[in-house]
Amino acid sequence: MDQVDRIVAQWNSARPDLDVGPMETIGRLYRLAAMLRSEMEKTWKAYGLNPASFDVLATLRRSGKPDGLSPGELLDLTMVTSGTMTNRVDQLVKGGLVARVPNPEDKRGFLIRLTEDGMTKIEAAVTDHVKTQHRLMDGFSHKQRGELNDLLRMLTGLVETDAD
């Protein structure tokens, strides 16, 4: 029995009239998300990064745009508010990992670009990040991961539809 099983058993005893089946699934997903994030944060921390800085650097790296992204593009790809993004970029500029450079397509605007140090850091960090993710998912076969992804995709769609 794990912690979620104990909680469900307590609810079943205290309120046998309630079907707490969804609580079991959601509780496990919630606990699992926290554990996975904690493990990934250990990897990021080894590079002096946190979830926010890793997110920005990884977004810039995977974008396929070596000249950088506009603030709007970066916002669209990370789904955070503009104030939050400004703070993240400011910290990364101070750390020498990104630079604000003139946007050749918009003379009034700028692009956010990885510096050489930023590229070096994200290349190493994302390599170890992927290794961490493989370690965390190692107990599943390729087929099982696919099935789990299908189920999670379906659950995400249901929750998104319900939220609308």
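Here's a quick briefing on a surface patch, a helix pair and one unusual backbone angle. Keep in mind that the model is predicted. The patch is nonpolar and sits on the surface, the helix pair is α2 with α6, and the odd backbone angle belongs to M79.

**Nonpolar surface patch**
- L29, F140, L148, L151, L152, M154, L155, L158 and V159 make up a nonpolar patch on the surface.
- Together, these residues offer about 770 Å² of accessible area.
- Helix α7, spanning residues 142-163, supplies the largest share of the patch, with seven residues.
- One of the patch members, L151, has its place in helix α7.
- L151 has a relative accessible area of 54%, and the cut-off for exposed is over 50%, so L151 counts as exposed.

**Packing of α2 and α6**
- Helix α2 (residues 21-45) packs with helix α6 (residues 116-137), and their axes are 9 Å apart.
- The angle between the two is about 150°; anything over 145 degrees counts as roughly antiparallel, so that's the label for α2 and α6.
- As for handedness, α2 passes α6 in a right-handed crossing.

**An unusual phi at M79**
- Most residues other than glycine have a negative phi.
- M79 isn't a glycine, yet its phi is positive, at about 60°.
- You'll find M79 in the loop between α4 (71-78) and α5 (82-94).
- M79 is also exposed, because its relative accessible area of 74% is past the cut-off of over 50%.

Methods. Residues are numbered from 1 along each chain as its sequence is written. This is a predicted model: local features need pLDDT of at least 70, side-chain atom pairs count only at pLDDT 80 or more; totals for chains, interfaces and linings use all residues. Side-chain values use heavy atoms; hydrogens and water are left out. Patches are made of residues with over 30% relative accessible area and no salt bridge: like charges are joined within 9 Å, nonpolar side chains (Val, Leu, Ile, Met, Phe, Trp, Tyr) within 5 Å. Accessible areas come from the Shrake-Rupley method with a 1.4 Å probe; for residues, only the protein chains shown count as cover. A salt bridge is a side-chain nitrogen of Lys or Arg within 4 Å of a carboxyl oxygen of Asp or Glu. Helices (H or I, at least four residues) and strands (E, at least two) are DSSP runs, numbered from the N terminus. Buried means under 20% relative accessible area, exposed over 50%, partly exposed in between (1.4 Å probe, protein chains only). Axes are lines fitted to C-alpha atoms, for helices over the stretch in contact, and angles run from 0 to 180 degrees between N-to-C directions. Angles under 35 degrees count as roughly parallel, over 145 as roughly antiparallel, 65 to 115 as roughly perpendicular and the rest as oblique. A crossing is left-handed if the near helix is turned anticlockwise from the far one by less than a right angle, and right-handed if clockwise.
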